[in-house]
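User: I would like to learn how to read burial, contacts and salt bridges in a protein structure. Could you take me through them with an example?

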Amino acid sequence: MIGLVGVLSWVSACAWEPVAVVAEGYVLTRVAAAPLVEHPIMAGFGPAGHLYVADTAGLNLKRDELEKQRPGLIRRLEDRDGDGVFDHSSVFVDGLTFPQGALWHRDALYVASPPGLWRFRDTTGDGRADEKTRLLSGFAYTGNAASVHGPFLHPDGRLFTCHGRKGHAVRDRDGRLVHQGKAAAIWTCDLEGRSVEMYATGGMDNPVELVFSPDGDVLGTCNLMFARPRGDTLVHWVYGGAYPRRDFVARLSGELLRTGPLLEPVHNFGHVAVSGLCRIDPPRPLLPPREDELHLALAFFNLRKVQRVVVGRKGAGYALKRVEDLVAWDHPDVHPTDVVQASDGSLLVVDTGGWFRIGCPVSQVARPEAKGAIYRLRPSGPAASPEPPPPGPHGLAPADPTALRKWIDECLASPGTVEDHARLKLAGAMARLGDPHYLPRLIAWLGSGEPPLRHATCYALIRIGDAKGVQAALPGLAGAAREDAVLVLRELKLLSLRGSGPAEAAPLVPEPAPPESPEPAQLEALAELLAGLPRGDAVHGRAVYRSETFACAKCHGVDAEGLAGPALSGIGRIRQPRDLLESIALPSASFVRGYASYEVVTDTGSQAGVIFGLSEASLTLVNAAAETLEIPRAAIREVKALSVSIMPPGFHRAMPQQHLADLLAYLMSLQQAP
């Protein structure tokens, strides 16, 4: 019954192990819990099998308080008796804001913790870092997890990091400003925090973690690449690529190089909150290895599960081949945030617990008493050490410019090498070198191939910067080739007008205001209401939802985009009855990202609503009556972030309890993602 589920969901997961459903042929073991870890977020292995864990005290703090309290730390876990379960924990470094990454490489630990990327060394051998170096700085953050993640080690030896759309003024280790703007981005630098560049960018909200193919392709998880309905994705990040969200790209047009349409992800999972991932190297239990496939393990925060996601080469990029659950929990306070492969081939799953609230996609009620844990997922048969698959036929493109030029020339000279995937990598390498020597080859490639190939060719020509050379070739080009050449010339002209730095982006709408935190008495009252509800009827609940009396469908769509509110397709997969009741009764206690409320003040008055778009000419606002308003930008005097939802509070009081139970049952029946 709904009431019973609601009551049970208020019980915290603290000193007990939640029940998990494990794929056939696997065994799940909890290998670390409180007090060894509190609320682990991400992890990585170091020497002697030590596990370095980015942990936190479970406090939901805004940036100013994070910088005052600095509750983040890196723990080092050890398995001293060799039984596969960690039995000792020590603090390697503390005093961090919000660490989301732990990479051990050579003799140091690299950690992304806003506003920077750090390197920590233990030079005395006492198990605690005593040398601290900031390699990069300038990653803005608000306390939301859509901040800086990583770093991740590329096969060529460079570091990669992800940063959400919070704004940035990235400086290298020497303090040199590399780039300033508002876009989210994938960044790369050398081990000393120099040679910094933006690898890919776009309007997405939160790129989380990266993995690399043996020959250097960059794949990763990213939340909110799409909105209305929300889309959380797996992405093949192409060098220089610009990616959705389209509504935010319109605001960022001044700082993005455009080489054609925005590039698309490998797969859109829907509203699931993808988190960390890792590459599963062979031997691959239960599945035979294939050279043209990558097996990935993805953690899903909302769905409370880890899945094996298999992708295969398709043209220049990748396509989803199959997905299967590896482990899933049914308790609302379990939230997987990372997956790491151990040296014996097993997978370590990091569960952060129930603490996270700021931007949490499931519930805005923090439950820090629900501690996190780390689990080991292994095949039930004998363990076997993984071996990374070899690089493709062209090998790995080197980072050194001299070696890279030699690699390009050898690939071009070898027969049969310039198929789609090789061409993508060659164009990317030519872009990195910026050498006009490759102009004729790139001109010959213009206009051909799928969007990533056309992008890579255009981007290389833009990086080379020879506008006269492209202009001279223009009379001999036709169709798509001429179209792309004109695009290259346009971007080169914009760059020349812009100067050395990116153009100033259009003024942004302010960050959403923090929601109104519910009072304990309100939550207790909702818990009592939920426990006392009768059994719900989903069929009648659909009629309640669609009725003119309650008008839910006026703002919230099912199997379609909502108008003033988020679409509800698949909501039953990711929320509990408790969460849904909170949203109905206390709509100002949480805002789904992209649906925060604003007040737009104009010459003639003001309008409150949800902002759906912002262009150079106008702002698109949808008000509480689900009316779409196009407000000329010239008429706008101020845009204010509101902490109050445009949905009226206490909506549940207008419904008989049976209607409310039926409505919850209907919403919980919406299991299929759009």
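Analyst: What follows goes through one residue and then several charged pairs, and please keep in mind that this is a predicted model.

User: Let me begin with a single residue: is S275 buried or exposed, and in which strand does S275 lie?

Analyst: The general idea is to look at the relative accessible area, where a value under 20% counts as buried and one over 50% as exposed. In this structure S275 has a relative accessible area of 7%, so S275 is buried, and S275 belongs to strand β22, which covers residues 274-279.

User: Which residues does S275 touch, leaving aside those up to four places away in sequence?

Analyst: Here one looks for heavy atoms within 4.5 Å. With residues up to four places away in sequence left out, the residues that S275 touches are V208, T221, A299, F301, P336 and T337. For P336 there is a further detail, since its backbone oxygen lies 3.5 Å from a polar atom of the S275 side chain.

User: Now to charged side chains: how many salt bridges does a search of the whole structure find?

Analyst: The idea is to look for a side-chain nitrogen of Lys or Arg within 4 Å of a carboxyl oxygen of Asp or Glu. Searching the whole structure in this way gives 35 salt bridges. One of them joins the side chains of R128 and D94, with 3.0 Å from N to O. R128 sits in the loop between β9 (116-121) and β10 (131-139), while D94 is in strand β6 (residues 88-96), so this pair ties together parts that are 34 residues apart in sequence.

User: What is the relative accessibility of R128, and what is that of D94?

Analyst: R128 has 34% relative accessibility and therefore counts as partly exposed, and D94, at 42%, also counts as partly exposed. Another salt bridge links E197 with R463, where the closest N and O atoms are 3.6 Å apart. Because E197 lies in strand β16 (residues 197-203) and R463 in helix α7 (residues 451-464), the pair ties together parts that are 266 residues apart in sequence. R463 is partly exposed, its relative accessible area being 32%.

User: For the salt bridge between D281 and R279, how far apart are the closest N and O atoms, and is D281 buried or exposed?

Analyst: The closest N and O atoms of D281 and R279 are 2.7 Å apart. D281 is buried, with a relative accessible area of 11%, and R279 counts as buried at 16% relative accessibility. Elsewhere, salt bridges with shared partners join D215, D217, R313 and K425 into one network.

Conventions
Residues are numbered from 1 along each chain as its sequence is written. This is a predicted model: local features need pLDDT of at least 70, side-chain atom pairs count only at pLDDT 80 or more; totals for chains, interfaces and linings use all residues. Side-chain values use heavy atoms; hydrogens and water are left out. Helices (H or I, at least four residues) and strands (E, at least two) are DSSP runs, numbered from the N terminus. Buried means under 20% relative accessible area, exposed over 50%, partly exposed in between (1.4 Å probe, protein chains only). A polar contact is a pair of N or O atoms within 3.5 Å; within protein, one must be able to donate a hydrogen and the other to accept it, and residues adjacent in sequence count only if both atoms are side-chain atoms.
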